[in-house]
Amino acid sequence: MMQENAIPKFSSAVFFVKDIEKSKKFYSEMLSQKISLDHGRCVVFEGGFSLWLREYALEIMGFVGSGEQKEVLPVAEIYFESVDIEECLSFLKDNNIDFVHEMLEQPWGQRCFRLYDLDGHVVEVGEPMWVVIKRFSKLGWPVDRIVEKTFMPQGIVESVLKEK
């Protein structure tokens, strides 16, 4: 059994799209969804869903660009967050889960791993961005460097660092 901080909490559904600008416009203008964060290749909407540029998502996940092309490419993933991501990964490894990849650090500093559920759906477990921000702060990084690395707005970074 996992400790409380390791239990993954559902965060969002992520859809991989061919054209991020057209998709962003569709959801924001046609369905009146409000964007909470826009990182260019990744857009987060209020209410718990995100869009990723498909080619970027597949590259990050190791499905393309690694020399070997997988037969079936995912069109979406279910995203969870775990504060104690190491314990969560250890628990799943001990239970013979089939992984897309084990722990890696994304270009924006977040550590994550991905696995397949019993039906072959991709499930990502990542550490919350507030954990990433605090980790970089403990390394002595100034706010501007954390903002640059994580792509998080300065106000969010400062707010996280004010919390105890």
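Does Asn 95 count as buried, partly exposed or exposed, and what is its relative accessibility? At 42% relative accessibility, Asn 95 counts as partly exposed. Here buried means under 20% relative accessible area, exposed means over 50%, and partly exposed lies in between (1.4 Å probe, protein chains only).

This is a predicted model: local features need pLDDT of at least 70, side-chain atom pairs count only at pLDDT 80 or more, and totals for chains, interfaces and linings use all residues. Residues are numbered from 1 along each chain as its sequence is written, and side-chain values use heavy atoms, with hydrogens and water left out.

## Overall fold

The protein has six helices and eight strands. Helices (H or I, at least four residues) and strands (E, at least two) are DSSP runs, numbered from the N terminus. Their order along the sequence is β-α-β-β-β-α-β-α-β-β-β-α-α-α. The radius of gyration is 16 Å, close to the 15 Å that the globule rule gives for 164 residues, so the protein is as compact as a globular protein of that length. That radius is taken over C-alpha atoms, and the rule is 2.2 Å times the number of residues to the power 0.38. The C-alpha trace spans about 45 × 45 × 30 Å along its principal axes.

Of the 164 residues, 38% are buried. Contact means heavy atoms within 4.5 Å. Among contacts with a separation of 6 or more, 53% are between residues 24 or more positions apart.

The protein exposes about 9700 Å², and carbon and sulfur atoms supply 53% of that area. Accessible areas come from the Shrake-Rupley method with a 1.4 Å probe; for residues, only the protein chains shown count as cover.

Charge comes next. There are 19 positive and 27 negative side chains, and the centres of the two sets lie 5 Å apart. Lys and Arg count as positive, Asp and Glu as negative; His and the chain ends are not counted. The place of a charge is taken as NZ of Lys, CZ of Arg, CG of Asp or CD of Glu.

## The N-terminal strand and helix

Ala 13 is found in strand β1 (residues 9-17). Its relative accessible area is 23%, which makes Ala 13 partly exposed. Beyond its neighbours within four places in sequence, Ala 13 is in contact with Gly 48, Phe 49, Ser 50 and Glu 77. Phe 80 is 67 residues from Ala 13 in sequence, yet the two C-alpha atoms are 8.9 Å apart.

Helix α1 (residues 20-30) holds Phe 26. Ser 23 lies in α1 too. Ser 23 counts as buried, at 15% relative accessibility. Phe 26 is partly exposed, at 41%. Leaving out residues up to four places away in sequence, Ser 23 touches Val 17 and Leu 51. Phe 26 and Val 132 are 106 residues apart along the chain, with 31 Å between their C-alpha atoms.

## From α3 to β7

Asn 95 lies in the loop between α3 (85-94) and β6. A polar atom of the Asn 95 side chain lies 2.8 Å from the backbone oxygen of Phe 91. Asn 96 is found in that loop between α3 and β6 as well.

Arg 111 lies in strand β7 (residues 111-116). Its side chain makes a polar contact of 2.4 Å with the side chain of Glu 86. A polar contact is a pair of N or O atoms within 3.5 Å; within protein, one must be able to donate a hydrogen and the other to accept it, and residues adjacent in sequence count only if both atoms are side-chain atoms. Not counting residues up to four places away, Arg 111 touches several residues, including Ile 85, Met 103, Val 125 and Arg 135. Asn 95 and Arg 111 are 16 residues apart in sequence and 21 Å apart, C-alpha to C-alpha.

## Helix α4 and the positive phi residues

In helix α4 (residues 129-138), the buried residues are Met 129, Val 131, Val 132, Ile 133, Lys 134 and Phe 136. They pack against β5 (76-81), β6 (99-105), α5 (143-150) and α6 (154-162). Just after α4, Gly 140 takes a positive phi of about 90 degrees.

Two residues other than glycine also have positive phi.

| Residue | Phi | Location | Relative accessibility |
|---|---|---|---|
| Asn 96 | near 55 degrees | loop between α3 and β6 | 72%, exposed |
| Phe 151 | near 65 degrees | loop between α5 and α6 | 46%, partly exposed |
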